[in-house]
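Below is a short report on selected local features, helix packing and chain symmetry. The sequence and the structure come first.

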Protein chains: 2
Amino acid sequence: MTETTDKSFQEIMKEKAAAIDEMLSAYIYHGQAVPDTITEAMRYSLLAGGKRLRPILMQETYRMFGGSGTQFIEPFMAAMEMIHTYSLVHDDLPAMDNDEYRRGRKTTWAVYGDAMGILAGDALLNAAYETALEVLGVCETPEQYRRVGWALKVLAHNAGIHGMVGGQVADIEAEQQTEPLTAEQIDYIHRNKTGALIEASMTIGAILAGASTEQGTEITRCALDIGIAFQIQDDILDVVGDSAELGKPVGSDAANGKQTYVTIHGLEHSRAEVERLSNEAIAILQKLPGDHSFLESLVRYLIDRRS
Amino acid sequence: MTETTDKSFQEIMKEKAAAIDEMLSAYIYHGQAVPDTITEAMRYSLLAGGKRLRPILMQETYRMFGGSGTQFIEPFMAAMEMIHTYSLVHDDLPAMDNDEYRRGRKTTWAVYGDAMGILAGDALLNAAYETALEVLGVCETPEQYRRVGWALKVLAHNAGIHGMVGGQVADIEAEQQTEPLTAEQIDYIHRNKTGALIEASMTIGAILAGASTEQGTEITRCALDIGIAFQIQDDILDVVGDSAELGKPVGSDAANGKQTYVTIHGLEHSRAEVERLSNEAIAILQKLPGDHSFLESLVRYLIDRRS
C-alpha cells in the first residue's frame, strides 16, 4: 500500500469516527432529569475520541451483507462503543490498572473521583443495553424480531463472563502470576478481552443485515482473526512504536513487568502471526458475497498502523 | 395482624426466597469455560440470602394479573436480583461506602479483592441482561415479542441513570454535602436508588401477564409507594431496630453522619409516612382485579418488619 492511498484511507477512517462521535453524543446528553455529574462523566469518557474501530467494523459488515439505513444498526453501534468505553473506564480504576492517563488525557476516575468512575462505567453498561433495546421498538415482522433478538444475545454473551469480562478476569489474574504465562493463557486473554467485542461487532452487523448462519459463522472466524491480530499488533507497538504517535509511553508493558504476546513469542514470530491472521481474515472476506473492499483495506490498515 | 398469622407469613416469605435462591443458583454455575474466580465471586454475592423482595414482588404481581408458568417470568426475576446484587457489590467497594460486612458476612471485595469486586459487579450486570434476553427466545407471537420488549425496556430504564444509578450518584453526592439535604433530595434518592427497581419489578410482572396500560400505570404508582415506604422503614430501623435482628449495627447512619429521612423529618413523621404510603399502596391493589391478598400481606409485613 502506497503512502498516498494509506493517507486517504486514514482520512476516511477519521471521517467515519467523527460521524460516530456525533451519533454517540446524541445518546447521552445533559438536561435529562438525572444528576449532571453522571452525564458529564459518561460524556467525558465516551466522547474521548479513539478509532471507533468496533462500530466501524459493525457498520461495514452490515453494508457488505446488503444492510441499509440506520435504524437497526446505529443503536447497536452506539451500544458497542458504550460497552468498550465502560470496560476502559473500569480497567483504568485505581483498584484495577491504576491508570491516570489514556489517549493523552486524564482518565475518568482521575477527573471525577473513584466512586464516580465506578458509577460512570456502570451507567455506560446500562445505557448500552437501553440503547440496543430501542431497536426492538422498530421491529414489525417476526423475522426482524428474530434478527434483533439474536443480535442482542450475541452482544450480551460476548460482553460478559463468556467474553470480555472473562478476559479481564484472566488478565488481572495473569498480572498477579509470577511464573511465565502459557501460550494458552495469552490466547484466552486476547480472544476474550479484545477479541470478543470485535467478534460481536462483525457478527451483529452480519445478523442484522440478514446473513445466513453459514455466513455468520465465517464472519465470526474472520472477526476473531482480526481481533487477535489487532491485540498482537498493540503488543508489538508497545515495543517498537513511537510514543508521540501512540499517545502513551512506549515500553510501558515492559516497565510494568507485563507479559505480552511479544514477551512470550518474540517480535519476529509476533509479526509473522499478525501477517498470517490478517491474510486469513482477508481470504475469508474474499470468499463472501458483497463489496468487501473497505473491510480488506481496514484489515491492512490495522497491520500497518503505527498507533 | 396477630403474631400467629405474622409468623406464618414470614414462613411463606422464607419458602419463596429459598425457591428463588435455588433458581438463581442454576443461572451462574462453575464449569463454564470461564475463570473459576469470577463465577465464585458472582455466586458468593448472588447467593448470600436476603429477602428476595424484588423477584417475589414481580412474581406475585405477575400471578395477580393472571400470569402462569415460569418461562416468561423466571429469567426476569433472576435478572432483577442480579441487578440488585451488582448494585450492592459496587456500593460496598472501598471507593464507594467501604463496607466490609453485609448481612453478617464479608462483602465480595473483602473476600476476593477490590478488582474482583468491580468485575464481579460488572459480570452480574451483564449476566442480568443476558438472562432476561433469553425470554426473547421463547416468544412466538408479535404480542409476546411486544410484551417482552417492553419489559426489557422497563428493566434497562429503571436500572440506569434514569433510575437506580441516578439515585446512587445523588446519594454519593449527598454524603459529600455539608449543608442539610432538602426534602426533594432525599425523595429523589429514595425514588431512584430504592424505588426504581421495586417499581420495575412490579411493572414487569404486570406487563408480562398482559395487564392493560392503565393497570400498568396503577401498579407502577403502587410499587413506588411500596419502595419509598420500604426505604423510610429502613431509615427508621437504623434508629430503633435491634442489631441482632438486623444483622448490622443499629445507629450506623448516625455514626457515619449520614442524613436520612428520619434525620430530616423526625421519627414520628417518618412512621406516619410509612403508614400513609402503605395504605395508599393497599388501596390501589384493592381496586385492581385478581387475587391481591398476598401482595396486601406483603405490604403489611414490610411495615411491621423488624429487619
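A:Arg52 is buried, with 2% relative accessible area in this predicted model. A:Arg52 is placed in the loop between α2 (36–46) and α3 of chain A. The phi angle of A:Arg52 is near 55°, which is a positive value in a residue other than glycine.

A second arginine with a positive phi is A:Arg103, at about 50°, although A:Arg103 is not a glycine. A:Arg103 sits in the loop between β1 and β2 of chain A. A:Arg103 is partly exposed, at a relative accessible area of 39%, whereas A:Arg52 is buried.

A:Gly104 is also found in the loop between β1 (101–102) and β2 (105–106) of chain A. With a relative accessible area of 57%, A:Gly104 is exposed; the cut-off for that class is over 50%. The C-alpha atom of A:Gly104 is separated by 6.6 Å from that of A:Lys248, a residue 144 places away along the chain.

**Accessibility of selected residues**

The table gives the element and the relative accessible area for several residues.

| Residue | Location | Relative accessible area |
|---|---|---|
| A:His84 | helix α4 of chain A | 11%, buried |
| B:Met42 | helix α2 (residues 36–46) of chain B | 0%, buried |
| B:Met58 | helix α3 (residues 53–64) of chain B | 0%, buried |
| B:Gln168 | helix α8 (residues 164–175) of chain B | 2%, buried |

Residues up to four places away in sequence are left out of the contacts of A:His84, which are A:Arg54, A:Arg103 and A:Leu197. One of these, A:Arg103, belongs to the loop between β1 and β2 of chain A.

**Helix packing in chain A**

Two packed helices are described by the angle between their axes and the distance between the axes. Helix α3 (residues 53–64) of chain A packs on helix α4 (residues 74–91) of chain A at an angle of about 155°, and their axes are 8 Å apart. That angle makes α3(A) roughly antiparallel to α4(A), because angles over 145 degrees count as such. The crossing of α3(A) and α4(A) is right-handed. On the α3(A) side, the contact is made by A:Arg54, A:Pro55, A:Met58 and A:Gln59; on the α4(A) side, by A:Phe76, A:Met77, A:Met80, A:Glu81 and A:His84. The residues of this contact comprise five nonpolar, two polar and two charged.

Helix α4 also packs against helix α6 (residues 114–133) of chain A, at an angle of about 165° and with the axes 8 Å apart. α4(A) and α6(A) are therefore roughly antiparallel to each other. Which hand does the crossing of α4(A) and α6(A) have, left or right? α4(A) passes α6(A) in a left-handed crossing, whereas the crossing of α3(A) and α4(A) is right-handed. The contact residues of α4(A) include A:Phe76, A:Ala79, A:Ile83, A:Tyr86 and A:Val89, and those of α6(A) include A:Ile118, A:Gly121, A:Leu125, A:Ala128 and A:Tyr129. By class, the residues of the contact of α4(A) with α6(A) are 15 nonpolar, five polar and one charged. A:Phe76 is listed in the contact with α3(A) and in the contact with α6(A).

**Buried residues of chain B**

B:Met58 lies in helix α3 of chain B. Leaving out residues up to four places away in sequence, B:Met58 touches B:Ile73, B:Phe76, B:Met77, B:Met80, B:Ser201, B:Ile204 and B:Gly205. The C-alpha atoms of B:Met58 and B:Glu179, 121 residues apart along the chain, are separated by 38 Å.

Which residues are in contact with B:Met42, leaving aside its neighbours within four places in sequence? They are A:Ile161 of chain A, together with B:Ile28, B:Ala120, B:Ala123, B:Leu124 and B:Ala127 of chain B. The C-alpha atoms of B:Met42 and B:Tyr29, 13 residues apart along the chain, are separated by 9.2 Å.

With the same neighbours left aside, B:Gln168 is in contact with A:Leu119 of chain A and with B:Ser87, B:Asp91 and B:Lys193 of chain B.

**Relation between the chains**

A turn of 180° with a shift of 0.0 Å along the axis lays chain B on chain A with an RMSD of 0.0 Å. The two copies are thus related as by a two-fold rotation axis. The same surface serves both copies, since 100% of the contact residues of chain B recur in chain A.

Definitions and conventions:
Residues numbered from 1 in each chain as written. Chains lettered and ligands numbered in written order. Predicted model: local features only at pLDDT ≥ 70, side-chain atom pairs only at ≥ 80, totals over all residues. Heavy atoms only, no water. Axes fitted to C-alpha atoms, helices over the stretch in contact; angles between N-to-C directions. Helix = DSSP H or I, 4+ residues; strand = E, 2+ residues; numbered from the N terminus. Parallel < 35°, antiparallel > 145°, perpendicular 65-115°, else oblique. Left-handed = near helix turned anticlockwise from the far one by under 90°. Contact = heavy atoms within 4.5 Å. Nonpolar A, V, L, I, M, F, W, Y, C, P; charged D, E, K, R; others polar. Least-squares fit on C-alpha atoms with pLDDT ≥ 70 in both. Buried < 20%, exposed > 50% of the residue type's maximum accessible area, 1.4 Å probe, protein only.
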